[in-house]
Amino acid sequence: MPTAVKSVLPVVLLGCGGVGRYLLRHIVSCRPLHANQGVAIRVVGVADSSSLLVADDVNSSGLDDALLTHLCAAKSAGSPLSSLLGQGNYQLFRNPEARSKVIDAATMLGRTTGLVLVDCSATYDTVNLMKDAVGHGCCIVLANKKPLTGAYEDFQKLVSNFRQIRFESTVGAGLPVIASVTRIVASGDPISRIVGSLSGTLGYVMSELEDGKRFSEVVKTAKSLGFTEPDPRDDLGGMDVARKVAETGNRDELHGSHTGTRICVHSLPPGNMQMQPLHFLQYCGSCNRALGPEADIYIYKGESAFCSPECREKGMMVDHAQRNPS
């Protein structure tokens, strides 16, 4: 028999990408578990990059599970939130009005029932919204690293009350890295060095390359499996690792045991590929057509370039001749 509801948890989700949709599906599938624990998670709003879907009355109701299921299917198919019009008791607001509606909900619920703002987006644009929510007494949960790795003053504001924020999923794939750093520093022990393999994505890519697979195909597969950031260049260019380092460094610095986080980043793809548009894998395809179907990114002696196999072999021969003159 389900336990009487002891706690109602209103939630607003920012971001309907792969992570955001998985969270919604997980909430819906775990309703029996929540009922046994006396907890009701009420999703009162869902936002994507252009609009917000919010329940008619965030004080007493949320978006029903059928609507959340349809929402996940629609976003998976690339449809906007507006495609759900007429399927439930909710309102739709477009940016910039959407942001003000989130603040309204935070103001209304933050100091009564409470509100959890969950950031599953991949943008810096949520940082001011997060700071406002914290200021209204709301809790925030982040799978998005970017608000935590911008200006240090923003980081200080977001973590000013550590009981109101959780962001373990941004470092270490959910392992308690942040909690461990926090406990160590709070106990008075200084942290002199943190060593680790900080990117599961790069680990996967390198393992596949060792098996002889082509770089471009490996990255496409990793993206399709959800291993990469929405823009794979964040992983391949080292920025995802840099943000993880910045987060742990900032957490350390809050306790006065750090003098500043300095991060040197070296990109895996050639520099010219970093200048291409977001979907840079399409650029790989255009290079394949220009240089031949076997063209790919090749890495030699720590340097990378997009070239044909013949060009790579010629470069290696020239290098060998220069290093070993007859």
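The following legends accompany close-up views of a predicted model.

**Figure 1. Overall composition of the predicted protein chain.** The protein chain holds 13 helices and nine strands. Of its 326 residues, 41% are buried. Among contacts in the protein chain with a separation of 6 or more, 60% are between residues 24 or more positions apart.

**Figure 2. The open sheet of seven strands.** Pairing in this open sheet is mixed, and the strand order is 4-3-2-1-5-6-7. The edges are taken by strand 4 (90-94) and strand 7 (165-166); each has a single partner strand, so one side of each is left without a neighbour in the sheet. Strand 1 has strand 2 and strand 5 as its neighbours in the order.

**Figure 3. Pairing of strand 1 with strand 2 and strand 5.** Strand 1 (residues 7-14) and strand 2 (residues 39-47) run parallel and are joined by eight bridges. Within this pairing, S7 has V39 of strand 2 as its bridge partner. Further pairs place P10 opposite R42 in strand 2 and V12 opposite G45 in strand 2. Strand 1 also pairs with strand 5, again in the parallel sense, over four bridges. There, L117 of strand 5 is the bridge partner of V12. V12 therefore has a partner in each of two strands, with G45 in strand 2 and L117 in strand 5.

**Figure 4. Strand 2 and the hairpin to strand 3.** Seven of the nine residues of strand 2 are buried, so this strand is largely enclosed by the rest of the structure. A hairpin of three residues connects strand 2 to strand 3. Strand 3 (residues 51-55) pairs with strand 2 in the antiparallel sense over three bridges. One of the pairs across the hairpin is that of A47 with its bridge partner L52 in strand 3. Strand 2 thus takes part in a parallel pairing with strand 1 and an antiparallel pairing with strand 3.

**Figure 5. Surroundings of H34 in helix 2.** H34 belongs to helix 2 (residues 31-36). Its relative accessibility is 11%, below the 20% limit, and H34 therefore counts as buried. Leaving aside residues up to four places away in sequence, H34 touches I27, V39 and I41. Of these, V39 is also the residue of strand 2 that serves as bridge partner of S7.

**Figure 6. Helix 1 and helix 5 against the sheet.** Helix 1 (residues 18-29) lies across strand 1, strand 2 and strand 5 (116-119). The angle of helix 1 to strand 2 is about 150°. Helix 5 (residues 127-135) lies across strand 1, strand 5 and strand 6 (139-142). The angle of helix 5 to strand 5 is about 160°. Strand 1 and strand 5 are among the strands crossed by helix 1 and also among those crossed by helix 5.

**Figure 7. Packing of helix 4 and helix 5.** The axes of helix 4 (residues 97-109) and helix 5 come within 9 Å, with a crossing angle of roughly 20°. This angle is under 35 degrees, and the two helices are therefore roughly parallel to each other. The crossing of helix 4 with helix 5 is right-handed. Helix 4 contributes R99, V102, I103 and A106 to the contact, and helix 5 contributes N128, L129, D132 and A133. Sorted by class, this contact has five nonpolar, one polar and two charged residues.

**Figure 8. Packing of helix 8 and helix 9.** Helix 8 (residues 200-210) and helix 9 (residues 215-224) have axes that come within 10 Å and cross at roughly 140°. That angle makes helix 8 oblique to helix 9. Helix 8 passes helix 9 in a right-handed crossing. On the side of helix 8 the contact is formed by Y204, V205, E208 and L209, and on the side of helix 9 by F215, V218, T221 and A222. By class, the residues in contact between helix 8 and helix 9 are six nonpolar, one polar and one charged.

Technical notes: Residues are numbered from 1 along each chain as its sequence is written. This is a predicted model: local features need pLDDT of at least 70, side-chain atom pairs count only at pLDDT 80 or more; totals for chains, interfaces and linings use all residues. Side-chain values use heavy atoms; hydrogens and water are left out. Contact means heavy atoms within 4.5 Å. Axes are lines fitted to C-alpha atoms, for helices over the stretch in contact, and angles run from 0 to 180 degrees between N-to-C directions. Angles under 35 degrees count as roughly parallel, over 145 as roughly antiparallel, 65 to 115 as roughly perpendicular and the rest as oblique. A crossing is left-handed if the near helix is turned anticlockwise from the far one by less than a right angle, and right-handed if clockwise. Ala, Val, Leu, Ile, Met, Phe, Trp, Tyr, Cys and Pro count as nonpolar, Asp, Glu, Lys and Arg as charged, and the others, Gly among them, as polar. Buried means under 20% relative accessible area, exposed over 50%, partly exposed in between (1.4 Å probe, protein chains only).
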